[in-house]
Amino acid sequence: MNFSLSEEQQMLKDSAARFIQQEYSFERRQEDVSNPEGFDPGLWKQLADLGWLAIPFMEENGGFGGDATDLMLLMEQLGAGLVPTPYLATILLFGKLVESGTDGDLRASLLNRLIAGEMQGAVAFMERQSRYALADTTVQAKRSSTGFELNGEKTLVLNGPVADKFIISARTGGGAQDKTGITLFLVDAGTEGLELNELRLMDGQLVANLTLSHVLVPAQHRVGQENRGFELLERVINESLPAVCAEALGLMHHLTETTIEYTRARKQFGVPIGSFQVLQHRMVDMFTACEETRSLLYRTVCSSDNLASPEHRKNLHALKVLTGLRGKRVGNEAIQLHGGMGLTDELDVGHYVKRLMVLNSLFGDADYHQQKLAEISLGM
Amino acid sequence: MDNTLSDEDLKFREEVRSFFARSEPDKAQQLMANPATYKEGAIQWQKQLFKQNWAAPFWPLEHGGAGWTITQAYLYESERVKADAPDVLPFGLKMVGPVIYTYGSEAQKARFLPGILNGDDWWCQGYSEPGAGSDLASLKTRAVREGDDYIVNGSKIWTTYAQHADWIFCLVRTDASGKPQNGISFLLIDMKSPGITVSPIHSINGLHSLNEVHFDNVRVPRENLIGEEGQGWTYAKSLLAHERTAIAKVADSKKRLDKLRALAASELQGGRPMIEDEAFRLRFTTIEIELMALEYMELRVLSALADNRSPGAESSLLKIKGTEIQQALHELAIELAGVYGGVTAGAGDTGHDFGNQARQDFMYGRAATIYGGSNEIQKNIIAKRVLGF
């Protein structure tokens, strides 16, 4: 049992932290996120040059062969700097699905371009009626002469407006809620019949609603096995959860620190408001919330080498619950302790809080995962 | 970062399991459950641990410790609660022992450490006073030098098991001028000394473990002073950090959680087990998640300790979360018992009898967020030392 970092991991952590501190101001973030892409394409290239886009891919695929610890270290720093990047959508979701669901030349060319920062991807798994139930999939994929024909609608596809390629979940068998019968398909952005409707979430990131009418997909662009798309999708999403929570922890940590700084500077009644015990204790609670979340994150990262174990599944659910709950607590307290300033668009606090709220709702919120945990811990 | 167990760890776990299998911890537990035989059971159990060299595994090797790694300490605790074996009493082994081997003279180490390890000497803690609780540094029990002795006058309060104790370690005032913290000394006092009286304090669980200890011109040889006069506060503070680490009681809370799960599966309401009740499931898993986090929080602190970084304010965090979780478990247990939570007779964990135990645990459990420095004081410590206020 050990919580120490290897030399390479310490280097990754330090260089990511340096990068955020030296190159990434909140003003720059606000500029980046208002780009037509929702991020800075130059920065994405920079991340590729630093080798960070290669982290989660296997060495034989041109990757870095990194593990959950590496991703945690990177994502926590990206969170601390509130850096808008399509890392989750393009690398952790699209890229990882490509890596395990395709092979041969297709896989090699896609991964090469992803790792070089030359391609954007998006995964369309959510539908209007599905909420967090991943299996609730109604987009239909009918057999056609050359492959499949897709019809239906997908919603809030992360990075959708910028993606060069999509991976779309569709039903090839079973009923609307069945886990079996879902198949994943690789679809180019310009494909006929694929219509995009662009919108922004409150954290500034771009998402798209997709309408698919008679979208033709060649048979060789199936990702993973036919009718077994659910397992693959669920596994890739689960693998991304610790990274998502690490980003949230970075956000929470920043909010706690900036609140402490603010209450030290802000004077009322002739003294810094941070000298009041009632406020100090609330900031101790914010600090405690970060430490609890970090502890559960370490626990989950430690069990990541056995993804299928019940222990790891339980850790994942617990982590998503606690990150959601503590994230909300830290966010709300940060705004409250900043007083009226906490409500201004000018200050970074509200923007960190909005990103936290989006992350809480992504892949199932705290309530959803608590029920899943209860099923494991207490039975159905 | 990983949580894998080495072959050595697995071998160690086997050794621990076989120790618990042959040492009949349930007999000690039974004795300890009855106030009349509590002391006998506790001492018997410690002697068995001592024979195994496991009475104080966290002590340095040269003083009789076992030199365990954090993984070994973690495995031991997990197996201990699985076997339902008692924990050791903290006063000698976890509290005064480390102060003596860190700050005591060679003569004091030779005189006191063996009795602490083998259980011959029962220790209690003399810190709080009727006028000095959270503001411990304002303590007034005076020790005045007279020849080769100190003459001690004053009162200590909330002294757990003082009625059983052979020795008490006390913070006493040797200097009333200057900063309150600077005039405090650390003194070891024989409970058989003339002038000491112990009066019981009955607590809201209906039992007697707390006491008030009065000192009326008690003569204590100067050789029982630890380290230097006026340094007692420093010694005690380093000890409190250790005490707070032990206070988290992760393994015990895990055991309680398992018991609650089992009870909820058999407690019925309208023909359905409480384990299916939505409100119960929400409360149960909320505690479970916090406990899962606490377990790794403690491991992180222990691993910092193993790297020779002393537990500072992080141990305050463990104290706060550990005791909050203990109380949440007590509360869920007494409420799971329903009206039977008010029952004041019967023992054991089966049938409606578990209500009686749940009530005692709940009532006495209120102490957890008060002792060892109240949780509010812990927040002050974190605010000052970690957040920099």
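**Chain B: fold, domains and contact with chain A**

In this predicted model, the C-alpha centres of domain 2 of chain B and domain 3 of chain B are 31 Å apart. These two domains also touch: five residues of domain 2 of chain B are in contact with six residues of domain 3 of chain B. Chain B further makes contact with chain A, through 31 residues of chain B and 30 residues of chain A.

Domains of chain B
- The assignment splits chain B into domain 1 (7–88), domain 2 (123–230) and domain 3 (247–385).
- Where domain 2 of chain B touches domain 3 of chain B, the domain 2 side has four polar residues, one nonpolar residue and no charged residues.

Overall build of chain B
- Twelve helices and ten strands are found in chain B.
- Chain B is as compact as a globular protein of its length, because its radius of gyration of 22 Å is close to the 21 Å that the globule rule gives for 389 residues.
- The C-alpha trace of chain B spans about 75 × 50 × 45 Å along its principal axes.
- Of the 389 residues in chain B, 43% are buried.
- Among contacts in chain B with a separation of 6 or more, 68% join residues 24 or more positions apart.

Side of chain B that touches chain A
- With 31 residues of chain B in contact with 30 residues of chain A, at least two residues each come from α4 (70–82), α9 (278–306), α10 (314–336) and α12 (375–385) of chain B.
- α9(B) supplies the largest share of this side, 14 residues.
- By class, this side of chain B has 19 nonpolar, eight charged and four polar residues.

Key: Residues are numbered from 1 along each chain as its sequence is written. Chains are lettered from A and ligands numbered from 1 in the order in which they are written. This is a predicted model: local features need pLDDT of at least 70, side-chain atom pairs count only at pLDDT 80 or more; totals for chains, interfaces and linings use all residues. Two residues are in contact if their C-beta atoms, placed from the backbone, lie within 7 Å. Helices (H or I, at least four residues) and strands (E, at least two) are DSSP runs, numbered from the N terminus. Ala, Val, Leu, Ile, Met, Phe, Trp, Tyr, Cys and Pro count as nonpolar, Asp, Glu, Lys and Arg as charged, and the others, Gly among them, as polar. Domain bounds come from an automatic or database domain assignment. The radius of gyration is taken over C-alpha atoms; the globule rule is 2.2 Å times the number of residues to the power 0.38. A residue is buried if 20 or more other C-beta atoms lie within 10 Å of its own, exposed if 12 or fewer, and partly exposed in between; C-beta atoms are placed from the backbone.
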